[in-house]
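Visitor: I would like to learn how to read a helix and a buried charge in a model. Could you take me through them?

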Amino acid sequence: MKFFMVLHAKKIKYYSLILLTALFTAWFLFVQNILNAPVFSTEDGPKAVYKGEQNVAITFNIGWGDEKAAPIIETLKREQIKSATFFLSGSWAERHPDIVEKIGKEGYEIGMLGYDYKDYSEMEDQEIIRDISKAQEAFKKLNVKNIELLRAPTGHFDKRLLKISENFGYTVVHWSIDSKDWTNPGVDQIVQNINKTKKGDIILLHASDSAKQTNKALPQLLGELQSKNLNFVNVSEMISNSSANSEEIR
């Protein structure tokens with residue numbers, strides 16, 4: 001009898017250990033999922049905007065390259081798109097002051113993409129602060145004023161950046177629709193990737209040289225959005241005209 005009681009007790013301990021392991025694993029995966037969510041806010045603190053309520057915002061990241069940015073600006077002009085937001089790295093902007101000037105003259109909004117296009121989630125706080133400060137100086141020398149928007153260079157960030165950006169006076173901007181144009185999947189696929197766009201969405205595109213098909217896809221992509229009666233605004237207009245959405249991390 002004692003043998004069976006001992007055996008029974010061992011089984012309880014064994015299954016209890018399995019249950020605890022499973023619960024811990026589930027909790028760990030849950031936490032990891034939160035920490036790697038595309039957008040965050042701290043509790044009652046700064047937020048990363050990824051969506052609004054009205055209209056649609058098309059955004060372009062530029063971190064490197066000499067060839068793709070200018071043709072994309074020309075295509076936007078030709079398609080009579082008067083509102084868009086370009087997130088520029090400071091190092092790229094320094095090398096292409098003429099294109100930076102053209103973006104401003106066409107009335108498009110400029111946001112900051114850091115300076116060296118490094119992954120902020122892998123950097124120490126002081127390194128992030130130095131990178132943003134260096135970008136500030138670069139844009140100041142280019143006479144680009146009143147930048148209010150910051151996007152994490154690689155899209156990866158955590159709540160540290162939210163607090164750092166708040167201290168600088170910037171709003172962190174993510175996106176709700178990823179065109180995945182940088183993977184060069186083909187014009188049709190790029191258009192397909194944005195076909196779920198609805199009012200309030202912020203679309204991620206690229207005007208770096210690695211995105212070889214973006215300019216070819218733009219007329220069809222813009223036509224798709226216009227067929228849904230979506231109006232184009234820049235990100236700041238979207239934020240000011242709606243309750244911006246974010247997800248929370250504590």
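Guide: What follows takes up one helix and then one acidic residue in this predicted model.

Visitor: Which residues are buried in helix α4?

Guide: A general idea helps here: an α-helix has 3.6 residues a turn, so residues three or four places apart point the same way. In α4, which spans residues 97-105, the buried residues are I99, V100 and I103. Viewed down the helix axis, the buried residues of α4 fall within an arc of 105°, and so they line one face of the helix.

Visitor: What do the buried residues of α4 pack against, and which exposed residues does the face turned away carry?

Guide: The buried residues pack against α2 (69-78), β3 (85-88), α3 (90-95) and β4 (109-112), whereas the face turned away from the buried side carries the exposed residues D98 and K105. Just after the helix, G107 adopts a positive phi of about 85°.

Visitor: Turning to the acidic residue, where does D181 lie, and is D181 buried or exposed?

Guide: D181 sits in the loop that runs between β7 (177-178) and α7 (187-193). With a buried charge, one looks for a salt bridge, taken here as a side-chain nitrogen of Lys or Arg within 4 Å of a carboxyl oxygen of Asp or Glu. D181 is buried but has no salt bridge, and the nearest side chain of opposite charge, that of R151, is 9.5 Å away.

Visitor: Which side chains make polar contacts with the side chain of D181?

Guide: The D181 side chain makes a polar contact with the side chain of H206 at 2.7 Å, and another with the side chain of T214, at 2.7 Å. Leaving aside residues up to four places away in sequence, D181 touches I190, L205, H206, A211 and T214.

Note on methods. Residues numbered from 1 in each chain as written. Predicted model: local features only at pLDDT ≥ 70, side-chain atom pairs only at ≥ 80, totals over all residues. Heavy atoms only, no water. Helix = DSSP H or I, 4+ residues; strand = E, 2+ residues; numbered from the N terminus. Buried < 20%, exposed > 50% of the residue type's maximum accessible area, 1.4 Å probe, protein only. Lys, Arg positive; Asp, Glu negative; His and termini not counted. Polar contact = N/O pair within 3.5 Å; in protein donor to acceptor, adjacent residues only side chain to side chain. Contact = heavy atoms within 4.5 Å. Arc of directions from axis to C-beta.
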